[in-house]
Amino acid sequence: MIDDTLARLRGALLPLEAPPGPRGWNHDDMAQLIGDTPRRHAAVLIGIRDDREQNVLLTLRTDTLQQHAGQVAFPGGRVEPDDVDVVATALRESHEEIGLDASMVTPLGFLEAFETISGYSVTPVVARVSADAVLKPDPGEVAEVFEVPLAFFLEPANLRRYTMDFRGHRRDMVEFLHAGYRIWGVTAAILFNLLKRMGHPC
């Protein structure tokens, strides 16, 4: 079962040698909401523990941040001029935010970029993370690091749908509730795209 899930995961990804362009898979929707101006570039790490549970690494942002305070998120952030590529961005941000050593990470591939209300184009980097990796969150950014089994997201009953209004537009949204954590917004949308690419009956 573990090997089958890993094979589906690998088959769902864009290869490392062919990273996605900056235009997000939801570009048309975002253009209606925030216009068609150039997006700022960012990357996140979808880290999956290399163990039997295949846990997905997630963070709970501190309540003092200017953006996404108190929300569940993947470790990541904007691309800096010194970053070689988006993989470097995801690894650097993961080290800064949760103390994840890059030597413990094996990038597998990408998902298509996702555009956000705040004007970013976010490239998800999917990677295996050593079962022995020790995490130490930066208290200035991350209140907590927690892990959710990949199997939880693959269970159709755990996907919740709802709608919300934004600037007069009705938007279809998804979320997951796990052990008291609400996983929604950009994080849930990225997970939803991964599940669709894995053949999940969304």
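**Entry 1: salt bridges**

I began with a group of charged side chains and found that Asp-83, Arg-92, Glu-93 and Glu-96 are linked in a network of salt bridges. I note here that the model is a predicted one. I then searched the whole structure, and the search returned 14 salt bridges.

I looked up Arg-61 next. Arg-61 forms a salt bridge with Glu-141, and their closest N and O atoms lie 3.6 Å apart. I located both partners: Arg-61 is in strand β2 (residues 55–61), while Glu-141 is in the loop between β7 (120–129) and β8 (142–149). The two are 80 residues apart, and the pair links distant parts of the chain. I also checked how far each partner is covered. Arg-61 has a relative accessibility of 12% and therefore counts as buried, since the cut-off for buried is under 20%. Glu-141 has a relative accessible area of 22%, so I recorded this residue as partly exposed.

The following bridge I examined joins Glu-112 to Arg-197, with 2.6 Å between the closest N and O atoms. Glu-112 belongs to the loop between β5 (105–110) and β6 (114–115) and Arg-197 to helix α5, so this pair ties together parts that are 85 residues apart in sequence. I found Glu-112 partly exposed at 22% relative accessibility. Arg-197 is likewise recorded as partly exposed, with a relative accessible area of 30%.

I closed this entry with Glu-175 and Arg-182, whose side chains meet in a salt bridge at 2.6 Å, N to O. Glu-175 is buried, with a relative accessible area of 8%, whereas Arg-182 counts as partly exposed at 36%.

**Entry 2: the sheet of β9, β10 and β11**

I turned to the strands and asked myself in what order the three strands of the open sheet run. The order is β9-β10-β11, and the pairing is antiparallel. The edge strands are β9 (160–166) and β11 (181–183), each of which pairs on one side only. From one strand to the next, I read an average twist of 40°.

I then followed the contact between β9 and strand β10 (residues 169–178), which pair in the antiparallel sense over seven bridges. As one example, I traced Thr-163 to its bridge partner in β10, Asp-172.

**Entry 3: helix α5**

I examined the helix that accompanies this sheet. Helix α5 lies across β9, β10 and β11 and runs at about 85° to β10. The helix comprises residues 185–197, 13 residues in total. From its first C-alpha to its last, α5 reaches 19 Å, close to the 18 Å expected at 1.5 Å a residue.

Is α5 mostly covered or mostly open? I found it mostly covered, with ten of its 13 residues buried. Among the buried residues are Gly-185, Ile-190, Leu-191, Phe-192, Leu-194 and Leu-195. Thr-187 and Asn-193 also appear among the buried residues of α5. Arg-197 of the same helix is partly exposed. Just after α5, I noted that Gly-199 takes a positive phi of about 85°.

**Entry 4: aromatic rings**

I counted the aromatic pairs and obtained four. The rings of Phe-146 and Tyr-181 have centres 3.7 Å apart and planes at 5°, so I entered the pair as stacked. Phe-146 lies in strand β8 and Tyr-181 in strand β11, so the pair ties together parts that are 35 residues apart in sequence. Both Phe-146 and Tyr-181 are buried.

How are the rings of Phe-152 and Phe-153 arranged, stacked or edge-to-face? Their centres are 5.5 Å apart and their planes stand at 80°, so the pair is edge-to-face. Phe-152 is buried, with a relative accessible area of 14%. Phe-153, at 0% relative accessibility, also counts as buried. I further noted that Phe-152, Phe-153 and Phe-176 form one aromatic cluster.

**Entry 5: Gly-21**

I finished with a residue in an earlier part of the chain. Gly-21 is found in the loop between α1 (2–12) and α2 (27–34). I recorded Gly-21 as partly exposed, since its relative accessible area is 40%. I also looked up the separation of Gly-21 from Gly-99, which is 78 residues away along the chain. The C-alpha atoms of Gly-21 and Gly-99 are separated by 28 Å.

Conventions: Residues are numbered from 1 along each chain as its sequence is written. This is a predicted model: local features need pLDDT of at least 70, side-chain atom pairs count only at pLDDT 80 or more; totals for chains, interfaces and linings use all residues. Side-chain values use heavy atoms; hydrogens and water are left out. Helices (H or I, at least four residues) and strands (E, at least two) are DSSP runs, numbered from the N terminus. Buried means under 20% relative accessible area, exposed over 50%, partly exposed in between (1.4 Å probe, protein chains only). The expected span of a helix is 1.5 Å times one less than its number of residues. Two strands pair if DSSP finds at least two bridges between them. Axes are lines fitted to C-alpha atoms, for helices over the stretch in contact, and angles run from 0 to 180 degrees between N-to-C directions. Contact means heavy atoms within 4.5 Å. A salt bridge is a side-chain nitrogen of Lys or Arg within 4 Å of a carboxyl oxygen of Asp or Glu. Rings of Phe, Tyr and Trp (its six-membered ring) pair if their centres lie within 6.5 Å; planes under 30 degrees apart count as stacked, over 60 as edge-to-face and the rest as tilted.
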